[in-house]
Amino acid sequence: MLSRLFALLLAASAFLPAFAADEVLPSVVVYAPSPCLACIDWADHLRKAGFDVSIEETPLAGMPKLKRWLNVPAELESVHTAKVGNYFVEGHVPAEDIKLLLKEKPRARGLAVPGLPRGAPGREVSNPFCETACTILDNASQEREIRREAYNTLLVGPDGKTSVFARH
């Protein structure tokens, strides 16, 4: 009788929405020069996605040494660099990509979105105080729309070679 009840409950549960257990995400440390408002916006993007984020202000002159320490290839550099688990995260990588990396746990150094692609997380909001053109707005039309550009999140393998991890 008990086994029949269990089977019935199991069958009925297939029609109910699944509820995911609370995700426990590792902390993220963001190393960024000050002031970098786009870096702060990216950290906020990660917080909204459930990450616990701390920002370590790092002098601009100290960033190259930090990137070498984390083994970030020079050709993939952006402004800020983060550390999450055993991986580096270079640039404006979307939170979903970081979550997928942590779920799949590939043998890799980390993820990178080189440069400053328009429309990437942290680069989608107008910021008139950013001296490094954090966001470029389309002034050709009456509406102030953000011009977005396609970009890839790259997976950096143990050997430093890259492959496309996600397209945006």
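In what order do the elements of the protein chain run from the N terminus on? The answer is α-β-α-β-α-β-β-α-β-β-β-β-β, which comes to 4 helices and 9 strands. Helices here are DSSP runs of H or I with at least four residues, strands are runs of E with at least two, and both are numbered from the N terminus. The model is a predicted one, so to speak of local features a pLDDT of at least 70 is needed, side-chain atom pairs count only at pLDDT 80 or more, and totals for chains, interfaces and linings use all residues. Residues are numbered from 1 along each chain as its sequence is written, and side-chain values use heavy atoms, with hydrogens and water left out.

On the whole-chain level, 40% of the 168 residues are buried (under 20% relative accessible area, against over 50% for exposed and in between for partly exposed, with a 1.4 Å probe and protein chains only). The protein chain exposes about 10500 Å², and carbon and sulfur atoms supply 57% of that; the areas come from the Shrake-Rupley method with a 1.4 Å probe, and for residues only the protein chains shown count as cover. Of the contacts (heavy atoms within 4.5 Å) between residues at least 6 apart in sequence, 57% join residues at least 24 apart.

Next comes the sheet. Seen strand by strand, an open sheet of 7 strands has the order 2-1-3-4-5-8-9, and its pairing is mixed; two strands pair if DSSP finds at least two bridges between them. Strand 2 (53-57) and strand 9 sit at the edges, each pairing on one side only. From one strand to the next, the twist averages 25 degrees. Strand 3 and strand 4 pair in the antiparallel sense, over 4 bridges, and Val84 stands opposite Tyr87 in strand 4.

Two helices lie across this set of strands. Helix 2 lies across strand 1 (28-32), strand 2, strand 3 and strand 4, and runs at about 160 degrees to strand 2. Such angles run from 0 to 180 degrees between N-to-C directions, with axes fitted as lines to C-alpha atoms, for helices over the stretch in contact. With 12 residues at 1.5 Å a residue, helix 2 should span 16 Å, and its end C-alpha atoms are indeed 16 Å apart; the expected span is 1.5 Å times one less than the number of residues. Buried in helix 2 are Ala38, Cys39, Trp42, Ala43, His45 and Leu46. They cover an arc of only 150 degrees around the axis, so they are on the same side of helix 2; the arc is that of the directions from the helix axis to the C-beta atoms. Their cover includes strand 1, strand 2, strand 3, strand 4 and helix 4. After helix 2 comes Gly50, with a positive phi near 105 degrees.

Helix 4 (residues 95-104) has its own buried set: Ala95, Asp97, Ile98, Leu101 and Leu102. Here the arc is only 160 degrees, which puts these residues on the same side of helix 4. They pack against helix 2 (37-48) and several strands, including strand 5 (110-113) and strand 8 (152-156). Helix 4 runs at about 120 degrees to strand 9. Just after helix 4, Lys105 takes a positive phi of about 50 degrees.

One loop residue rounds things off: Gly119, between strand 5 and strand 6 (137-138). Gly119 is buried, with a relative accessible area of 15%. Its C-alpha atom and that of Glu149 are separated by 6.5 Å, though the two residues are 30 apart along the chain.
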